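This report describes the fold, the core and selected loop residues of one protein. Please consult the sequence and the model shown here alongside the text.

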Amino acid sequence: LGESGILGGAVDPSLTSYFERVVSYDVPDAPTGYDLGSGNIRIKPPYRSGYLITAGSEYSINLTGTLFNAEHEAISLMSGTAIELDRLDRAPLTVFTNRAGRFAIQGMRPGRWKIEFPGAKPMVAVIEVPAKAEGLVTMGEVTLKPQDEQGVKP
């Protein structure tokens, strides 16, 4: 019902005070792959009030690529983590690979990230998500190296 534009954010004047309802939202012009979150929110507006709903976040980049080891063999059917090096307090993201080593990571933002695969010989790679990146980003081939060669501590 509401639509944002030149005058600012969307306003839905049909919301009744003290009545709980679910408000759905969409961003038709969002970049491909942009993560809006759930697409709806449950609200119960008090009398003469409003809500500020933020659609998505700065962590809305979906990254894809192919992972290889130092011998250029695909990292096949494994799971690991992606850790934001500038914000170590954030929970790591999960990374899965298919048979060909292809991976996709959801919920990233621009900056430096460490992709890590545990095991007897842990493998890591440090990647840079470009500052102007948004939506779907393709990294191409990423080579993981033994952790001690990468110089990145766990």
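## Overall dimensions

In this predicted model, the radius of gyration of the protein is 20 Å, whereas a compact globule of 154 residues would have a value near 15 Å. Taken along the principal axes, the box filled by the C-alpha atoms measures roughly 65 × 25 × 25 Å.

The exposed area of the protein is about 10100 Å², of which carbon and sulfur atoms supply 52%. Of the 154 residues, 32% count as buried. The charged side chains comprise 15 positive and 18 negative ones, and the centres of these two sets lie 5 Å apart.

## Secondary structure and contacts

The protein contains 10 strands and one helix. Read from the N terminus, the order of elements is β-β-β-β-β-β-β-β-β-β-α, so the helix follows the strands, with elements numbered from the N terminus.

Contacts were also examined by separation along the chain. Among contacts between residues at least 6 apart in sequence, 53% join residues that are at least 24 apart.

## The nonpolar core

The largest nonpolar core has 22 residues, and the members that touch the most other members are Leu67, Ile105, Met108, Trp113, Phe117 and Leu144. At least two residues of this core come from each of strand S3 (61–68), strand S5 (93–96), strand S6 (102–108), strand S7 (111–117), strand S8 (123–129) and strand S9 (136–143). The greatest contribution is that of S8, which gives four residues.

Trp113 is one of the members of the core that touch the most others. Leaving aside residues up to four places away in sequence, Trp113 touches Tyr59, Ala82, Ile83, Glu84, Leu85 and Leu93, and also Gly107, Met108, Ala125, Val126, Ile127 and Val129. Met108, one of these contacts, is likewise listed among the core residues that touch the most other members.

## The loop between S2 and S3

Two residues are considered in the loop that joins strand S2 (40–43) to S3: Arg48 and Gly50. Arg48 is a residue other than glycine with a positive phi, near 50°. Its relative accessible area is 72%, and Arg48 therefore counts as exposed, the cut-off being over 50%.

Gly50 also counts as exposed, because its relative accessibility is 62%. The C-alpha atom of Gly50 is separated by 19 Å from that of Ile6, and the two residues are 44 residues apart along the chain.

## Loops at Leu77 and Lys121

Leu77 is located in the loop between S3 and strand S4 (79–84). Phi of Leu77 is near 50°, again a positive value in a residue other than glycine. Is this leucine, Leu77, buried or exposed? Leu77 is exposed, because its relative accessible area is 52% and the cut-off for that class is over 50%.

Lys121 belongs to the loop between S7 and S8. With a relative accessible area of 72%, Lys121 is exposed. Arg102 lies 19 residues from Lys121 along the chain, and the C-alpha atoms of the pair are separated by 21 Å.

Conventions: Residues numbered from 1 in each chain as written. Predicted model: local features only at pLDDT ≥ 70, side-chain atom pairs only at ≥ 80, totals over all residues. Heavy atoms only, no water. Rg over C-alpha atoms; globule rule 2.2 N^0.38 Å. Buried < 20%, exposed > 50% of the residue type's maximum accessible area, 1.4 Å probe, protein only. Contact = heavy atoms within 4.5 Å. Areas by Shrake-Rupley, 256 points an atom, 1.4 Å probe, with all protein chains shown as cover. Lys, Arg positive; Asp, Glu negative; His and termini not counted. Charge placed at Lys NZ, Arg CZ, Asp CG, Glu CD. Core = buried A, V, L, I, M, F, W, Y, C linked by side-chain atoms within 4.5 Å.
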